[in-house]
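I opened the notebook to look at how two chains meet. These entries record what I looked up, in order.

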Amino acid sequence: MATDKRQEIQLARDLIEGKPEAFDRFVEVFRSKVFQYALMMCGHREDAEEVAQDTLFKVFENFDQLRDPERVRPWVFRIARNACYMKRRKSVFAPTQELSLEDFLPHSEGDGSRKLEIADWSALPDDQVLRAELRDVIHQAIQELPEMYRAAIMLRDVEELTTEETAQVLDVSQEVVKTRLHRARLAVRAKLDEYLRRRQSGVAKG
Amino acid sequence: METGKHKHDCKEVFALLSEYLDAELDAERCDEIRKHLDDCPPCIEFLESLKRTVSLCHGCQTAEQPPPLNPEVREKLMAAYRKSMQNRARQGL
Ligand SMILES: [Zn+2]
């Protein structure tokens, strides 16, 4: 369920104006959103439930500090990101492995042909089964990313924050967001490509 | 020589493809990339696959949902909201 950004902004505006009718819907929307984000970031259901609850508490405790309802999504995610940090398990403290662009450079087939050794992305059928399969591949690929890349692609591409908003949530420069995002996308693309190639060779064999 | 130069271009383009897709490059850089793409089918093919990846990621949240909200927790959240609204009123906002 993708929630509409405008709807979130309206709910925030209603709450700022003291209309408590918006309260339950606001809780429903952001509880689900933060839970899903935290599940991808923390990897544990019980952690994600706690992050969602802690985040909502902080959100309402500090609701008087939300000046601009237009910023509600990045504002909530900034709080959620900090709540996720509190839940970091020991394994996450392992030094982050940096992803290098070189690792994702596609290779051309032989000389002259200039054909890439990648799946045929133009032939993707637009059916629901494939769509569901690709979502699973994407989730798996994102969860396998080192944390800093995972956060960048979750906020920029899954939650569709702007580069500027993402930089603010993660407390890094916009340049850093762009660098991490590009590597994260390349990693996810590579997993999708691998999956599609396997699928296409299977289909070809009949 | 020519191949070497071309490969170098592809590598530079490759590093900038996300910013190109997101329209975050200055006009000059953007033009350079567009020119390169005009003459480089492998880079176009790769760009298309990256673009598809990004659009597949949009709204691709997990389908998992949190358990129903405990009424006691809801009351606490409501109390926190009420309190912060009182603060806001006190600040004259
Ligand atoms: Zn090229």
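The entries below go from confidence to the contact between the chains.

Entry 1, confidence. I noted that this is a predicted model, so I checked the confidence before anything else. Chain A has a mean pLDDT of 89, and 89% of its residues reach 70 or more. Within chain A, I found the highest confidence in helix H7 (residues 163–170), at 97. The lowest is in H8(A), at a mean of 91. I keep in mind that predicted coordinates should not be read in detail where pLDDT is low.

Entry 2, extent of the contact. I looked up how many residues of each chain take part: 58 residues of chain A are in contact with 48 residues of chain B. The area buried between the two chains is about 5,100 Å². Carbon and sulfur atoms give 61% of that area.

Entry 3, polar links. I counted 25 residue pairs in polar contact between chain A and chain B, both residues being at pLDDT 80 or more. For salt bridges between the chains, the count is 5. I looked at one salt bridge in detail, between Arg185(A) and Asp22(B). Their closest N and O atoms are 3.2 Å apart.

Entry 4, the chain A side. Which helices of chain A each supply at least two residues of the side that touches chain B? I listed H1 (5–16), H2 (22–42), H3 (45–61), H5 (128–144), H6 (147–158) and H8 (174–205). H2(A) gives the largest share, 10 residues. Sorted by class, this side of chain A has 30 nonpolar, 8 polar and 20 charged residues.

Note on methods: Residues numbered from 1 in each chain as written. Chains lettered and ligands numbered in written order. Predicted model: local features only at pLDDT ≥ 70, side-chain atom pairs only at ≥ 80, totals over all residues. Heavy atoms only, no water. Contact = heavy atoms within 4.5 Å. Buried area = accessible area lost by both parts, 1.4 Å probe. Salt bridge = Lys/Arg side-chain N within 4 Å of Asp/Glu carboxyl O. Polar contact = N/O pair within 3.5 Å; in protein donor to acceptor, adjacent residues only side chain to side chain. Nonpolar A, V, L, I, M, F, W, Y, C, P; charged D, E, K, R; others polar. pLDDT = per-residue confidence, 0-100.
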